[in-house]
Amino acid sequence: MNNSTENVTLDAVFVNDILKIYQNRKEPLYQPLLKMAQAYDLSDPSAKIPIQLYNDMCSWLERELGPANLRRVGMQIGETVYEVLKNSGSLSANPEPIELINGLVYSASIMIQDPEKRGWVVIESKPNVIILRRTQTFNSILQIGLLRGLVQKTGVKMVEVEYIKSVAKGDEYDDYLITWSS
């Protein structure tokens, strides 16, 4: 996978989603995370922020607070993506999981500015199964929470997200298997 972050930006809303969870905590533990974003004006959710900041914040969360915190942030980002899709009128009244995943692919292409057009690719979709590939540099663990939270918005049950392939284990891309019961 191409891990370059040169000239790659994303909308500030995603940095705000991270901060939303931790900004009111006064413990010294959270101060390095909060300080990372201080140099940026985050008042406009569509302002363009270097993806490296976002990646650094995710790495800090993983290292200092553990993977569960990243999955929690992923759920928050899934909520944001869902709201963006719903408010844009691009979702049907009762969207199926593949409709939301296709919406994620599309919104990533709009909300992440990458000269190489990396983001997400749907590899396979069949009843109760979607295989999705991550081609962008965002944190792979956070994506588990994002994907689970997004698919849960459709009202399906027992949403599971697991790796089929993993960059951490030497594969070229992270491929996620998303399954659920109706």
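Contact here means heavy atoms within 4.5 Å, and in this predicted model that criterion identifies what surrounds the first helix.

**Helix H1 and its surroundings**

The elements that cover the buried residues of H1 include strand S1 (9–11), helix H2 (31–36), strand S2 (48–50), helix H3 (51–65), H4 and H5. Eight of the ten residues of helix H1 (residues 13–22) are buried, so this helix is largely enclosed by the rest of the structure. The residues concerned are Val13, Phe14, Val15, Asp17, Ile18, Leu19, Ile21 and Tyr22.

**The three-stranded sheet**

Two of the elements that cover H1, S1 and S2, also belong to an open sheet of three strands, whose order is S2-S1-S3 and whose pairing is antiparallel. S2 and strand S3 (112–113) are the edge strands, each of them pairing on one side only. S1 and S3 run antiparallel and are joined by two bridges, with Thr9 standing opposite Gln113 in S3. Helix H3 packs on this sheet, where it touches S1, S2 and S3, and its direction makes about 60° with that of S2.

**The four-stranded sheet**

A further open sheet has four strands in the order S4-S5-S7-S6, again with antiparallel pairing. Its edges are formed by strand S4 (120–126) and strand S6 (157–165), each of which pairs on one side only, and the twist averages 20° from one strand to the next. Helix H5 (residues 97–111) packs on the sheet and touches S4, S5 and S7, its direction making about 170° with that of S4. Helix H6 (residues 140–152) lies across S4, S5, S6 and S7 and runs at about 150° to S6.

The strand pairs of this sheet are set out below, with residues that stand opposite one another in each.

| Strand pair | Sense and bridges | Opposite residues |
|---|---|---|
| S4 and S5 | antiparallel, six bridges | Glu124 and Ile131 |
| S5 and S7 | antiparallel, six bridges | Ile130 and Ile178 |
| S6 and S7 | antiparallel, six bridges | Glu162 and Leu177 |

Between S5 (residues 129–134) and S7 (residues 174–181), further facing positions can be named: Arg133 stands opposite Asp175 in S7, and Leu132 stands opposite Tyr176 in S7. Five of the six residues of S5 are buried, so this strand is largely enclosed by the rest of the structure. The hairpin of S4 and S5 has two residues between the strands, and within this hairpin Asn128 takes a positive phi near 65°.

**The packing of H4 on H5**

Helix H5, which packs on the four-stranded sheet, also meets helix H4 (residues 67–87): the axes of the two helices come within 10 Å and cross at roughly 90°. Angles of 65 to 115 degrees count as roughly perpendicular, and the crossing therefore makes H4 roughly perpendicular to H5. On the H4 side the contact is made by Val81, Tyr82, Val84 and Leu85, while H5 contributes Leu100, Gly103, Leu104, Ser107 and Met111. By residue class, the contact of H4 with H5 divides into seven nonpolar residues, two polar and no charged. H4 and H5 are also both among the elements that cover the buried residues of H1.

**Aromatic pairs**

A search of the whole structure finds four aromatic pairs. One of them is formed by Tyr163 and Tyr176, whose rings are tilted, with 5.2 Å centre to centre and 35° between the planes. Tyr163 lies in strand S6 and Tyr176 in strand S7, so this pair ties together parts that are 13 residues apart in sequence.

How do the two tyrosines stand in accessibility, and which of the terms buried or partly exposed applies to each? Buried means under 20% relative accessible area, and exposed means over 50%, with partly exposed in between. At 30% relative accessibility, Tyr163 therefore counts as partly exposed, whereas Tyr176, at 0%, counts as buried. Ring pairs also link Trp120, Phe138, Tyr163 and Tyr176 into a cluster. Within the sheet, Tyr176 is the residue of S7 that stands opposite Leu132.

Technical notes. Residues numbered from 1 in each chain as written. Predicted model: local features only at pLDDT ≥ 70, side-chain atom pairs only at ≥ 80, totals over all residues. Heavy atoms only, no water. Pairing = 2+ DSSP bridges. Axes fitted to C-alpha atoms, helices over the stretch in contact; angles between N-to-C directions. Parallel < 35°, antiparallel > 145°, perpendicular 65-115°, else oblique. Nonpolar A, V, L, I, M, F, W, Y, C, P; charged D, E, K, R; others polar. Phe/Tyr/Trp six-rings, centres within 6.5 Å; stacked < 30°, edge-to-face > 60°. Buried < 20%, exposed > 50% of the residue type's maximum accessible area, 1.4 Å probe, protein only.
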